[in-house]
Amino acid sequence: GQAQMRSYGELHPQALPESENPEDVPPLGYALAQLKGIYILAENTQGLVLVDMHAAHERITYERLKQGREAEGIRSQPLLVPQSIAVSQRETGLAAEHRAWFEGLGLAVDVAGEEALLIREVPVALRDANVEQLVRDVLADLIEYGSSDRIEAHLDEILSTMACHGSVRANRRLTIPEMNALLRDMEETERSGQCNHGRPTWTQLGLDELDKLFLRGR
């Protein structure tokens, strides 16, 4: 769908051409613009769709990490330059003890000294994240949940922490094709209507609601 969307945006400057068959319009429609670097405005057959870009992307990343973990493990990619970080002795011990568990999360972390770790690989879905902060936050979760069985019980929270780092940062300008790609990803992602914290990721304003705002009789 992504390649298709790119050409679509170039062919049709307006979102929904008059000739567009309503059955062909995807549920979340086609992107029109971005507002304040936070919201995507899109047009679908009912009217206007407003998307919280950050929350939606975070949810998609979370569901991808979760599916990966439940399937063959989260796909990782090596860093071009392994990154060393200074940590406490307690954190070094945790990283050594839970090395295999880290690998299951797509993180390859080696002990590089009494108070130093070397990050070698990160999940593909989080390749643009701040790697040091990501590992620090996962270590903080490990300290909080403690024993292995409690870690497994809180795995969703840990994946949610990780997804936070992978999401489109607020205020990033997206192109129309990028916005459309995000809308298509949302349609394909289970439970993408809610963010990881249970808030809605998008809302619909129908033409009737818009007309009421402007006191228009239809």
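In the predicted model, the buried residues of helix α8 are P177, M179, N180, A181, L182, L183, R184 and M186. The helix comprises residues 176-188. Its 13 residues reach 19 Å from the first C-alpha to the last, close to the 18 Å expected at 1.5 Å a residue. In general, an α-helix has 3.6 residues a turn, so residues three or four places apart point the same way.

The sheet against which α8 packs is open and has four strands, in the order β1-β2-β3-β7 with antiparallel pairing. The edge positions are taken by β1 (30-35) and β7 (202-206); each has a single partner strand, so one side of each is left without a neighbour in the sheet. From one strand to the next, the twist averages 25°. Strand β1 and strand β2 (residues 39-43) run antiparallel and are joined by five bridges. Within this pairing, A42 of β2 is the bridge partner of A31. Helix α2 (residues 53-70) packs on the sheet and touches β1, β2 and β3 (47-52). The direction of α2 makes about 65° with that of β3. Helix α8 also packs on the sheet, where β1, β2, β3 and β7 are touched by this helix. The direction of α8 makes about 115° with that of β1.

Further detail is available for the strand β2 and its two partners. For A33, the bridge partner in β2 is L41. The connection between β1 and β2 is a hairpin with three residues between the strands, and K36 in the turn has a positive phi of about 55°. Pairing of β2 with β3 is likewise antiparallel, over five bridges, and in β3 the residue V49 is the bridge partner of A42. These two strands also form a hairpin, with three residues between them. In a regular strand the side chains alternate between the two faces of the sheet. Such alternation is present along β2: I40 and A42 point to one face and are buried, whereas Y39, L41 and E43 point to the other and are not buried.

A second open sheet has three strands in the order β4-β6-β5, again with antiparallel pairing. Here β4 (76-86) and β5 (108-113) stand at the edges, and because each has a single partner strand, one side of each is left without a neighbour in the sheet. Neighbouring strands of this sheet are turned against each other by 20° on average, direction ignored. Seven bridges pair β4 with strand β6 (residues 116-123) in the antiparallel sense. One of the residues bridged to β6 is Q77, whose partner there is V122. Helix α3 (residues 89-97) lies across β5 and β6 and runs at about 135° to β5.

The structure holds one aromatic pair. The ring centres of W101 and F102 are 5.4 Å apart and the ring planes are at 80°, so the pair is edge-to-face. Both residues are buried: W101 has a relative accessible area of 11%, and F102 has a relative accessibility of 1%. W101 is found in helix α4 (residues 99-104). With neighbours within four places in sequence left aside, W101 is in contact with R69, V138, L142, I151, E152, L155 and I158. The C-alpha atom of W101 is separated by 9.3 Å from that of S148, a residue 47 residues apart from W101 along the chain.

A disulfide is a covalent bond between the sulfur atoms of two cysteines. The structure holds zero disulfides. C164 is in no disulfide, and the nearest cysteine sulfur, that of C195, is 9.4 Å away. For C195, which is likewise in no disulfide, the nearest cysteine sulfur is that of C164. A pair of cysteine sulfur atoms counts as a disulfide within 2.5 Å. As to accessibility, C164 is partly exposed, with a relative accessible area of 30%, whereas C195 is buried, with a relative accessible area of 4%.

Definitions and conventions:
Residues numbered from 1 in each chain as written. Predicted model: local features only at pLDDT ≥ 70, side-chain atom pairs only at ≥ 80, totals over all residues. Heavy atoms only, no water. Pairing = 2+ DSSP bridges. Axes fitted to C-alpha atoms, helices over the stretch in contact; angles between N-to-C directions. Contact = heavy atoms within 4.5 Å. Buried < 20%, exposed > 50% of the residue type's maximum accessible area, 1.4 Å probe, protein only. Expected span 1.5 Å × (residues − 1). Phe/Tyr/Trp six-rings, centres within 6.5 Å; stacked < 30°, edge-to-face > 60°.
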